[in-house]
Amino acid sequence: MKVLSVSSEVFPLIKTGGLADVAGALPIALKRYGVETKTLMPGYPAVMKAIRDPVVRLQFDDLLGEPATVLEVQHEGLDILVLDAPAYYDRPGGPYLDQTGKDYTDNWRRFAALSLAGAEIAAGLMPDWRPDLVHAHDWQAALTPVYMRYYPTPELPSVLTVHNIAFQGQFGAEVFPGLRLPPHAFSTESIEYYGHLGYLKGGLQTAWAITTVSPSYADEILTPEFGMGLEGVIASRRDALHGIVNGIDADIWNPATDPVVHTHYGPTTLKNREENRKSIAEFFRLHDDGAPIFCIISRLTWQKGMDLIAATADEIVALGGKLAILGSGDPALEGSLLAAAARHPGRIGISIGYNEPMSHLMQAGCDAIIIPSRFEPCGLTQLYGLRYGCVPIVARTGGLNDTVIDANHAAIAAKAATGIQFSPVTAEGMLQAIRRAMTLYADQKVWTQLQKQGMKSDVSWEKSAERYAALYSSLAPKGK
Ligand code: ADP
Ligand code: GLC
């Protein structure tokens with residue numbers, strides 16, 4: 001089966017979060033199920049710089065007002081279609097935000113162009129390759145199934161994956177003519193959303209199937225608390241909704257071979273983690289004592305519960321814990337976490353910024369990773385933690401709920417526990433979990449058992465890729 005995946009970020013070419021990891025790993029995992037994926041993504045400067053020997057596959061004189069070229073390249077096992085449209089993507093700043101941290105004012109056009117290019121390829125515009133199915137990710141690609149719906153050729157099946165329903169791509173109705181959709185697309189059955197435009201909403205209405213990145217999140221977004229206004233639309237498409245938990249690339253994330261990990265290890269050589277722990281203590285200037293190092297690798301936002309860390313930092317230190325924090329995001333949260341680190345030199349270390357190698361080393365050297373998210377569609381850092389013996393301490397929500405087994409008495413006795421879950425997601429709830437972690441940590445036998453059991457968890461893509469492949473086949477039976 002041939003699949004066109006459309007995503008605004010793909011690891012290792014460009015990454016701001018878990019979407020990139022998923023868009024980069026799923027196509028590789030799907031190969032063994034006979035699925036051949038080409039991934040369409042924007043040609044941001046970092047992407048144009050990284051690719052080698054691209055081949056021109058398609059040219060648009062006027063893709064929503066600007067010229068664009070589709071280039072095909074092979075990159076680290078991925079077959080990538082780069083949408084090279086300098087007017088849209090060749091600019092300083094990130095994929096979505098300018099250098100001052102503001103949304104680009106033309107994001108509506110930048111990502112409509114990506115989606116339209118996807119729909120044109122789906123319609124067979126690219127010589128010698130027409131997909132059997134299109135898989136679009138998040139609001140940035142969500143207009144792909146919308147354009148496909150109104151294309152004058154037979155419609156192909158489409159899947160839309162919701163990685164985070166908090167980001168919906170809402171724009172004013174005045175940009176509608178610029179999308180070049182037929183007038184009747186401005187309707188509640190399509191992209192109209194309370195008088196505005198909702199890209200994700202349009203995708204949810206028009207995609208043949210919808211997936212979320214964990215089963216719990218599929219249930220959660222049916223409720224007003226998590227559905228962020230789209231719960232009604234989700235409910236109306238309930239029959240088409242599937243929750244498939246993310247996996248991780250177990251080759252890239254492997255503590256026995258990871259090139260940035262100083263000292264490699266496996267479940268029977270956990271003692272080797274000590275050397276990595278020393279490097280972390282050095283980098284974050286933490287005292288080298290017997291207290292556990294809890295780490296945080298995260299966007300510093302309210303969603304991720306980072307205000308709870310700031311509010312409880314003093315108490316975590318008072319309990320005897322140490323914190324190593326890597327992240328960036330909300331300036332106010334960055335400020336309060338920096339202030340906490342300044343109050344507790346040697347006990348709290350922080351590095352503001354994005355540092356992929358350090359994120360690996362932290363999983364390989366810290367004792368536990370704290371993830372106090374208020375909502376978490378899947379979450380990947382707990383999966384990396386499981387794989388690396390860095391015990392996850394997680395809020396009981398979404399994918400965190402689905403992937404971590406809480407160390408209650410029964411689970412410890414059955415040797416099934418892999419981490420700690422807490423609820424409610426409040427400062428006290430989280431502190432309670434950290435207290436439990438400190439107690440478990442004090443009994444090294446129990447702690448080691450937790451680490452080992454976590455390392456045994458199947459966090460690979462295997463089962464989930466099989467589920468995606470089965471979903472694809474159910475929608476495009478003739479593709480096989
Ligand atoms: P989200 O996509 O909502 O941010 P995920 O847990 O799905 O959350 O994915 C986050 C990804 O980004 C993980 O691969 C994590 O390791 C990585 N990450 C987050 N912050 C940083 C950072 N400051 N430096 C390096 N990697 C980071
Ligand atoms: C989003 C979600 C995160 C998920 C990631 C990959 O960024 O916030 O929970 O793991 O997408 O699916």
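Domain bounds, as used here, come from an automatic or database domain assignment. On this basis the chain of the predicted model is divided into domain 1, which covers residues 2-247 together with 462-475, and domain 2, which covers residues 270-456. The centres of domain 1 and domain 2, taken over C-alpha atoms, are separated by 32 Å. To the contact between them, domain 1 contributes 19 residues and domain 2 contributes 17 residues.

Attention may then be turned to strand β2 and its partners. Strand β2 spans residues 36-42, and because 6 of its 7 residues are buried, this strand is largely enclosed by the rest of the structure; buried is taken here to mean a relative accessible area under 20%. Strand β1, made up of residues 2-6, pairs with β2 in the parallel sense, and the pairing extends over 5 bridges. Within this pairing, Ser5 is found opposite Thr39 of β2. The path of the chain from β1 to β2 leads through helix α1, which comprises residues 18-30, and the resulting β-α-β crossover is right-handed. Strand β2 is also joined to strand β5, formed by residues 78-84, through 4 bridges, and these two strands likewise run parallel. Here Pro42 has Leu83 of β5 as its bridge partner.

A further sheet is formed by 3 strands, which follow the order β8-β10-β9; the sheet is open and its pairing is antiparallel. Strands β8 (residues 170-171) and β9 (residues 192-193) stand at the edges, and since each has a single partner strand, one side of each is left without a neighbour in the sheet. Between β8 and strand β10, which consists of residues 196-198, there are 2 bridges, and the two strands run antiparallel. In this pairing Gln170 stands opposite Gly198 of β10.

The arrangement of aromatic side chains was examined as well. Over the whole structure, a search finds 15 aromatic pairs, where two rings are counted as a pair if their centres lie within 6.5 Å. One aromatic cluster is formed by Tyr96, Phe111, Trp139, Phe171 and Tyr199. Apart from ring pairs, a charged group is also found over an aromatic ring, in that the charged end of Arg91 sits over the ring of Tyr104, at 4.8 Å from the centre of that ring.

How values were computed: Residues numbered from 1 in each chain as written. Chains lettered and ligands numbered in written order. Predicted model: local features only at pLDDT ≥ 70, side-chain atom pairs only at ≥ 80, totals over all residues. Heavy atoms only, no water. Buried < 20%, exposed > 50% of the residue type's maximum accessible area, 1.4 Å probe, protein only. Pairing = 2+ DSSP bridges. Right-handed = clockwise from strand over helix to strand, strands pointing away. Phe/Tyr/Trp six-rings, centres within 6.5 Å; stacked < 30°, edge-to-face > 60°. Lys NZ or Arg CZ within 6 Å of the ring centre and 35° of its normal. Contact = heavy atoms within 4.5 Å.
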